[in-house]
Amino acid sequence: MAMPANDLLEHLWLPYTQMKTARQPLKAVSTQGALIRIADGHELIDGIASWWTACHGYNHPHILAALREQLERMPHVMFGGLVHEPALKLAARLAEKTPGDLNHVFFVDSGSVAVEVAMKMAVQYWLNQGRSRPRMVSFRYGYHGDTMACMSVCDPDESMHSLFKDYLPKQILAELPVDEASEQAFDDLLAREKEKIAAVLIEPLVQGAGGMKFHAPETLRRVADACARQGVLLIADEIFVGFGRTGTLFACEQAGVTPDILCLGKGLTGGALSLAATLARPHVYEAFLSDDPARALMHGPTFMANPLACAAANASLDLFEIEPRLEQVARIESLLREGLAPCAKIPGVLDVRVKGAIGAVQCATLGDAASLRATFAEQGLWIRPFGDIVYLTPAFTIAEVQLAALTSGICSTLPGWLSRS
C-alpha cells in the first residue's frame, strides 16, 4: 500500500517524523463516513477520526451543505473592524452551550494558538490589575500544543519537547491531586507560589497526547477548588476532550466545574476546517476593559473567525442538537470496553482503559510505532500508536461492524507484535 520511494517526500516535511528514516506515507484521495480511501484503491477504517476531529465522520452532508452555501457568499473576510453572521451566531451558541458563564469568545485558527491566547489572557489579567504573575502551573503527562508557550506547559520530561527544556520559559509542574494527600500538596503549592502564578492549566478527565491518561471528575473538582481557595485562575484545555468525546458535551460538566478560561478546537468544526476558540468568564473579560488601549488583548490571527470555518462549526453544533451524538458515544464506550477487554490478558499489556469514545491499550513497550501503524494499515485499519499506547478515538457515527474490525484488529495483532518487541 505504500507509494514508491521519493514519490511523495521530495518536498514534504512531515509532522512528528524523522525524515531520514521516514516510511512513505499513504496517499489519501477521498473520505466518507469512517473510511479513508487510498490512491491504490484500498480503504482504511479510521480509528482516530483524523486526530480526534471528525466526530461526525467525514463528509457529513449537513456540514458540506453549510460550507457550499458560505463559500458562495463569503469564504473569508478579516476580523479586524469587521464581523459577520457565522461568527456572531457561533459565539452566541458556544456561550450558551459551554458550562456556566463562559460568555466571551475569542476565535483563533488552531488549538495551540487557543492555549497561547489563554495563557496570554491569564498573564495580562493580572498585569491589568497592576500585578505580575508570570508563571503557569501544569501537570505531569500534560500536553497543550507544539508552539513555544504551549511547549513550556507540557511535561518537560515525558513529552516530545524535552529537547527544548533549557530554552522554554520556566513554569511549575505539579502532580494531579488524586487523593487527600496529593490534594493537600497541590493546595500547599498554590498557597506558596500564588503570587507568581497566573493560572493552572489542565486537560479535564483525559490527558491526551501525554499517553491517554485518565483521571476522575473528583480530581478536576479538587483542582478547581484549590484554584478558588488560593485566588488563581483555572484554564481548561478541552481541545481534545470537548464536543462529546468523554460522554458529555464538555468534560468539565462531569465535575460541575466552570473554568475561568476554556480552550476549544479539534471537533469544533467536525474536522472540516481549522478553527479554535478561547472563552472567558466575565471577570476575566472585564479586566481588559479600560480607557487605556495598552490594556486591550493585543492578539489577532489573520484567519481568526474565518467565515467558512464558522459555518462548518455552526453546522457541527446543529448535528449535536438534531442527531443522537451523546447516545452514540455511550454506545461506543460500551463496545470499546467489550472489544478491547481481551487485550488485558495479552503479555506485555499493562492496562486497558475506556472513557467515552476513547479506548487505550497501554503496553510495556511498543517498539517501532511506525511499523505497527503499517501493520494495521495492511489490515485496512488506520490506527496511529504512539509512545506505549495503542488507542482508538473513532467518529461518533462509526458503524458497529467497523468499530468491531478496529478492536479485533488490535486484539489479534498485539500478541505477536509484543512478543517480538
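This tour proceeds through a predicted model, stop by stop, with a selection to make at each one.

**Stop 1: the surface patch**

Select Met 148, Leu 163, Phe 164 and Tyr 167, which together make a nonpolar surface patch of about 470 Å². Then restrict the selection to Met 148, which belongs to helix H5, residues 148–152. The relative accessible area of Met 148 is 39%. Met 148 therefore falls in the partly exposed class, between the 20% limit for buried residues and the 50% limit for exposed ones.

**Stop 2: the loop ahead of H5**

Move next to Tyr 141, in the loop that runs between strand E5 (135–139) and H5. Which sign does phi of Tyr 141 have? The value is positive, near 75°, in a residue other than glycine. As background, most residues other than glycine have a negative phi. The relative accessibility of Tyr 141 is 29%, so this residue counts as partly exposed.

**Stop 3: a second positive phi**

Select Ser 50, which is located in helix H1, residues 49–52. Ser 50 is not a glycine, yet its phi is positive, at about 50°. With a relative accessible area of 33%, Ser 50 is partly exposed.

**Stop 4: the cavities**

Turn now to enclosed space. Rolling a probe the size of a water molecule over the atoms shows where empty space is left. How many cavities of 30 Å³ or more are counted here? The count is two.

For the largest cavity, select Trp 52, Cys 55, Ile 239, Phe 240, Gly 242, Phe 243, Arg 245, Gly 267 and Phe 396, the residues that line it. The space inside the largest cavity comes to about 40 Å³. Colouring its lining by residue class gives six nonpolar residues, two polar and one charged. By that classification Gly counts as polar and Arg as charged, so Gly 242 and Gly 267 belong to the polar class and Arg 245 to the charged class.

For the second largest cavity, select Phe 139, Gly 142, His 144, Leu 201, Ile 202, Glu 203 and Gln 207. This cavity holds about 30 Å³ of space. Its lining divides into three nonpolar, three polar and one charged residue. Glu counts as charged, so Glu 203 belongs to the charged class.

**Stop 5: salt bridges between distant parts of the chain**

The structure holds 20 salt bridges. Begin with Glu 195 and Arg 131, whose side chains meet in a salt bridge with an N to O distance of 3.6 Å. The pair connects distant parts of the chain, 64 residues apart: Glu 195 is in the loop between helix H6 (180–193) and strand E7 (197–202), and Arg 131 is in the loop between helix H4 (111–127) and E5. Glu 195 is partly exposed at 48% relative accessibility, and Arg 131 is also partly exposed, with a relative accessible area of 34%.

Continue with Asp 187 and Arg 229, which form a salt bridge at 2.9 Å, N to O. Here too the pair links distant parts of the chain, with Asp 187 in helix H6 and Arg 229 in helix H7 (residues 217–230), 42 residues apart. Is Asp 187 buried or exposed? Its relative accessible area is 12%, so Asp 187 is buried. Arg 229, in contrast, is partly exposed, with a value of 47%.

**Stop 6: a further pair and a network**

Select Arg 353 and Asp 351, which form a salt bridge whose closest N and O atoms are 2.8 Å apart. Arg 353 counts as buried because its relative accessibility is 11%, a value under the 20% limit. Asp 351 is partly exposed, with a relative accessible area of 30%.

Then display Arg 93, Lys 97, Asp 318 and Glu 321 together; these residues are linked in a network of salt bridges.

**Stop 7: the segment before E1**

Finally, select Tyr 16, in the segment before strand E1 (28–32). Tyr 16 is partly exposed, with a relative accessible area of 46%. Add Leu 372 to the selection and draw the distance between the two C-alpha atoms. The C-alpha atoms of Tyr 16 and Leu 372 are separated by 16 Å, while the two residues are 356 residues apart along the chain.

Definitions and conventions:
Residues are numbered from 1 along each chain as its sequence is written. This is a predicted model: local features need pLDDT of at least 70, side-chain atom pairs count only at pLDDT 80 or more; totals for chains, interfaces and linings use all residues. Side-chain values use heavy atoms; hydrogens and water are left out. Patches are made of residues with over 30% relative accessible area and no salt bridge: like charges are joined within 9 Å, nonpolar side chains (Val, Leu, Ile, Met, Phe, Trp, Tyr) within 5 Å. Accessible areas come from the Shrake-Rupley method with a 1.4 Å probe; for residues, only the protein chains shown count as cover. A salt bridge is a side-chain nitrogen of Lys or Arg within 4 Å of a carboxyl oxygen of Asp or Glu. Helices (H or I, at least four residues) and strands (E, at least two) are DSSP runs, numbered from the N terminus. Buried means under 20% relative accessible area, exposed over 50%, partly exposed in between (1.4 Å probe, protein chains only). On a 1 Å grid over the protein atoms alone, a cavity is a set of points where a 1.4 Å probe fits but cannot get out, and a pocket is an open set with protein on both sides within 12 Å along at least five of seven lines; lining residues have an atom within 4 Å of a point. Grid points are joined across faces, edges and corners, and a volume is the space filled by probe spheres set on the points.
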